[in-house]
Amino acid sequence: MDDQRFMRRALELALLRKGLTHPNPTVGCVIVKDGKIVSEGYHEKAGMPHAEVVAIQKAGERTKGATLYVTLEPCTHYGRTPPCTDAIIRAGLSRVVVATLDPNPLVSGKGVERLTKAGIKVDVGILQEEARRINEDFFTYITQKRPYITLKWAQSVDGTMATRTGESKWITSEESRAFAHRLRAEATGVLVGINTVLRDDPELTVRAFEWERQPFRIVLDPQLRIREELKLIRDGRAQTILITAMEDREKIERLQEMGVRVILAPSEDGRLKLSEVLRELFFMEVMHLLVEGGSITLTSFIKEGLMDRLWVFVAPVLMGDGKRVGDIGVEKMSDVKRLRLRDVKTFGEDIALEYVLSQP
């Protein structure tokens, strides 16, 4: 039971930096001696010392013969920082408890092997499911070579995202929208289609609370219809990435002079190829992508099976005909995309439902 208690504390530390360490995982660590925590650490952001090194430095000489609890397998390779296994061995720790192995081929199993060969007792698997969940975006990014994709939308009880005229401000409550900003904070980038940008002139920033980093604002604009007076172009609050298939050099140069990053991607039938979009974002180290709409963009991601998680906010209103998820190619029940309900939250009279894909 002590192992679970100390690992749970390490997981709490990891969650403090959720969304701030991309493209690295979020990791927490505690060092325990004589049944008491003597130091704690977490990975602050990419390029900064890893959680294990932070905890070891804080503990000083108290590491001798102590036990280290860490939420992800210690690294064995040089990346932005030196290997954590070397620091653990030098610190004289007698035992290391690891929640889950690292999926990165440069690390997976090698960290445990290195520590074991150095005579350190290693145990793996304490609160493994919880540890994998908090880094599910990192696991997907590493193993599938694409961003982890969260789809998010708000709708009425009868499934409408916007009225027939496109009006959607606001379907849900202020409390729901504050939680939606939490989802933005956990993402590397927030993506919308050009129709949403032209209609709503959104900011796509984290504003409900103080946050150290703004996600990229990513716009799918195959025909380069963006207007230069919009907030995404003018406000400078976050990096805007415009993905287009239109090679209008003059307009692209103007946008670039205004700080917009423009990426050319192939299109088909007037729509950008999402597989190529995700490929570009992967190479830009976009680890977690939050897709916020509109209905056409959301439908495209769902139809192509490009989703890992959905957050659907349901408000107690009826709107009738309007914008909603469109044709995703389902003609019979054997074609349906099955989901698993993972969490339910309430915000006043709104309900927020978190779904993940069901295992085949």
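**Close-up views of a predicted model**

**Figure 1. Buried residues of helix 11 in the predicted model**. Helix 11 spans residues 274–283, and its buried residues include Leu274, Val277, Leu278, Leu281 and Phe282. These residues lie on the same side of helix 11, because the arc they cover around the axis is only 135°. After helix 11 comes Glu285, which has a positive phi, near 65°.

**Figure 2. The largest nonpolar core, with 32 residues**. Ile31, Ile56, Leu68, Ile88, Leu93 and Val96 are the residues with the most contacts inside this core. At least two core residues are supplied by each of several elements, among them strand 1 (28–33), strand 3 (67–70), strand 4 (95–98), helix 3 (84–90), helix 4 (110–117) and helix 6 (136–144). Helix 2 (51–59) also belongs to this group, and its five residues form the largest share of the core. A second core, separate from this one, has 29 residues, including Ile243, Ile263, Ala265 and Val291.

**Figure 3. The surroundings of Val96**. Val96 is one of the residues with the most contacts inside the largest nonpolar core. When its neighbours within four places in sequence are left aside, Val96 is in contact with Leu68 and Ile88, two residues that are also listed among those with the most contacts in the core. The other contacts of Val96 beyond that range are with Leu115, Ile120, Lys121, Val122 and Asp123.

**Figure 4. Val312 in strand 15**. Strand 15 comprises residues 309–315 and contains Val312. With a relative accessible area of 7%, Val312 falls under the 20% limit and is therefore buried. Leaving aside neighbours within four places in sequence, Val312 is in contact with Trp153 and Gln155, as well as with Ile351, Ala352 and Leu353. Leu151 is 161 residues from Val312 along the chain, yet 8.2 Å separates the C-alpha atoms of the two residues.

**Figure 5. Cys75 and Cys84, two cysteines outside any disulfide**. A disulfide is a covalent bond between the sulfur atoms of two cysteines. The count of disulfides in the model is zero. For Cys75, the nearest cysteine sulfur is that of Cys84, at 3.7 Å; a disulfide would require the two sulfur atoms to be within 2.5 Å, so Cys75 is in none. Cys75 is buried, its relative accessible area being 6%. In turn, the cysteine sulfur nearest to that of Cys84 belongs to Cys75. Cys84 is likewise buried, with a relative accessible area of 0%.

Methods
Residues are numbered from 1 along each chain as its sequence is written. This is a predicted model: local features need pLDDT of at least 70, side-chain atom pairs count only at pLDDT 80 or more; totals for chains, interfaces and linings use all residues. Side-chain values use heavy atoms; hydrogens and water are left out. A nonpolar core is a set of buried Ala, Val, Leu, Ile, Met, Phe, Trp, Tyr and Cys residues joined through side-chain atoms within 4.5 Å. Buried means under 20% relative accessible area, exposed over 50%, partly exposed in between (1.4 Å probe, protein chains only). Helices (H or I, at least four residues) and strands (E, at least two) are DSSP runs, numbered from the N terminus. Contact means heavy atoms within 4.5 Å. The arc is that of the directions from the helix axis to the C-beta atoms.
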